[in-house]
Amino acid sequence: MLKHKTTPLQPIEHPLFNEHKIRVLVKREELNHEQIQGNKLYKLELNLKQFRNSDKKFLLTFGGAYSNHIAATATAAYQFRIPTIGVIRGDELADNQAKWSHTLIEAQRNGMHLLFIRRTDYRLKTGANFLTLLQQNYAKQLADFVDPQLDPQNAYILPEGGSNQLAVQGFHSLAEELDQQCPQWTHLYCAVGTGATLAGLSAYSRYDPRRILNGVAAINDSDYLMPQIAQWITAANPQHNNRWQLRQNFHAGGYAKSDPELDQFIHEIWPQFRIPIEPVYTAKAFHCFWKDLINHEIRKDSTVILLHTGGLQGVGYKDSR
């Protein structure tokens, strides 16, 4: 459905790579689509196909004011003429369009109906009666939507970040592409927000006992992600899965936060590779690799892939989920 490009697997060079006798390549997924960038494309692919094959009338999803997922979903929904509600965390923006982010402005321009709700209500988004809550508490904002009654039978619910089992399956094609471009890879580093990208690549990449996938949590207190990731992997491929681990010490203080060490990496170390990254996700994953390198955690003769998951539309913003 979503046309995307085969992206380059770009080798990068540094004296430390030669010293440690490793090969390092960046998978440039920020180049896979002009608007629906990075891992969001793979998460949306099968979900949109499922929507179009269903009898659902509209799509409903969730995010913050600077959400990469909201931006990507709005663009895709516009392309396929899918009525869509974006439930946005923070009702203070409902009547204050002057403070809307570029993400929200573009999402509305692409036809997404933005529904700004209180943070206390937003926390209830996975509850069975959430649509009823929206109908009762936000009728005014819903008045001009195609289905203001929000009949649950008509709604296709796409979780925050776009992560579900279909999203995990969407990474099958990326895993195959990586194996075709570099069959001998041994290490992969990718950012983790919900864990669907890590789960999909762990499940669908060719099994090799030398391989390990490092998912680098962008949030603190990320233990709760591990059972869901394991469940997604088992459901996708109950046979041989490559080893994976959730790296939980590189969040730099929490979601969308930084610290002096990460700042130094972003502003002094990474620029020499001349590949743009964003600070919320990709920078933390690549920083984890860098620390593993200087701490001699990567064995000699390894081939390392750094997965660029996009997110550049959110550069400089506080929330890009």
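This report walks through some helices, loops and single residues of one protein chain.

The structure is a predicted model, in which local features need pLDDT of at least 70 and side-chain atom pairs count only at pLDDT 80 or more, while totals for chains, interfaces and linings use all residues. Residues are numbered from 1 along each chain as its sequence is written, and side-chain values use heavy atoms, with hydrogens and water left out.

**Confidence**

Let's start with pLDDT, the predictor's confidence in each residue, from 0 to 100. The mean pLDDT of the protein chain is 94, and 97% of its residues reach 70 or more. Residues 316-321 stay under 50. Where pLDDT is low, the predicted coordinates should not be read in detail.

**Two crossing helices**

Helices here are DSSP runs of H or I with at least four residues, strands are runs of E with at least two, and both are numbered from the N terminus. How do the axes of helix 12 (residues 260-269) and helix 13 (residues 282-294) cross? They come within 10 Å and cross at roughly 90°. That makes helix 12 roughly perpendicular to helix 13, a label for angles of 65 to 115 degrees. The axes are lines fitted to C-alpha atoms over the stretch in contact, with angles running from 0 to 180 degrees between N-to-C directions.

Which residues meet in this pair? Helix 12 brings Glu261, Leu262, Phe265, Ile266 and Ile269, and helix 13 brings Ala283, Lys284, Phe286, His287, Trp290 and Lys291. Contact means heavy atoms within 4.5 Å. These contact residues divide into 7 nonpolar, 1 polar and 3 charged. In this scheme Ala, Val, Leu, Ile, Met, Phe, Trp, Tyr, Cys and Pro count as nonpolar, Asp, Glu, Lys and Arg as charged, and the others, Gly among them, as polar.

**Covered helices**

A residue is buried under 20% relative accessible area, exposed over 50% and partly exposed in between (1.4 Å probe, protein chains only). Helix 10 (residues 196-204) is mostly covered, with 9 of its 9 residues buried. Among them are Thr197, Gly200 and Tyr204.

In helix 9 (residues 172-181), the buried residues are Leu174, Ala175, Glu177, Leu178 and Asp179. They pack against several elements, including strand 1 (9-12), helix 2 (39-52), strand 7 (187-192) and helix 10.

**Residues in loops and a strand**

The table lists where some single residues lie and how accessible they are.

| Residue | Place | Relative accessibility |
|---|---|---|
| Serine 67 | loop between strand 3 (58-63) and helix 3 (68-80) | 0%, buried |
| Leucine 150 | loop between helix 7 (139-142) and strand 6 (155-157) | 1%, buried |
| Asparagine 214 | strand 8 (residues 212-217) | 2%, buried |
| Serine 54 | loop between helix 2 and strand 3 | 28%, partly exposed |
| Alanine 256 | loop between strand 9 (243-247) and helix 12 | 32%, partly exposed |

Two of these names come with a backbone detail. Leucine 150 has a positive phi of about 50° although it is not a glycine. Alanine 256, likewise not a glycine, has a positive phi near 60°.

The serines make polar contacts, which are pairs of N or O atoms within 3.5 Å; within protein, one must be able to donate a hydrogen and the other to accept it, and residues adjacent in sequence count only if both atoms are side-chain atoms. The side chain of serine 67 reaches the backbone nitrogen of isoleucine 70 at 2.9 Å. For serine 54, a polar side-chain atom lies 3.2 Å from the backbone nitrogen of lysine 56. Serine 54 and tyrosine 156 are 102 residues apart in sequence, yet 8.8 Å apart in space, C-alpha to C-alpha.

Finally, which residues does asparagine 214 touch, not counting residues up to four places away in sequence? Asparagine 214 touches Leu188, Tyr189, Cys190, Gln245 and Arg247.

Terms used:
Parallel < 35°, antiparallel > 145°, perpendicular 65-115°, else oblique.
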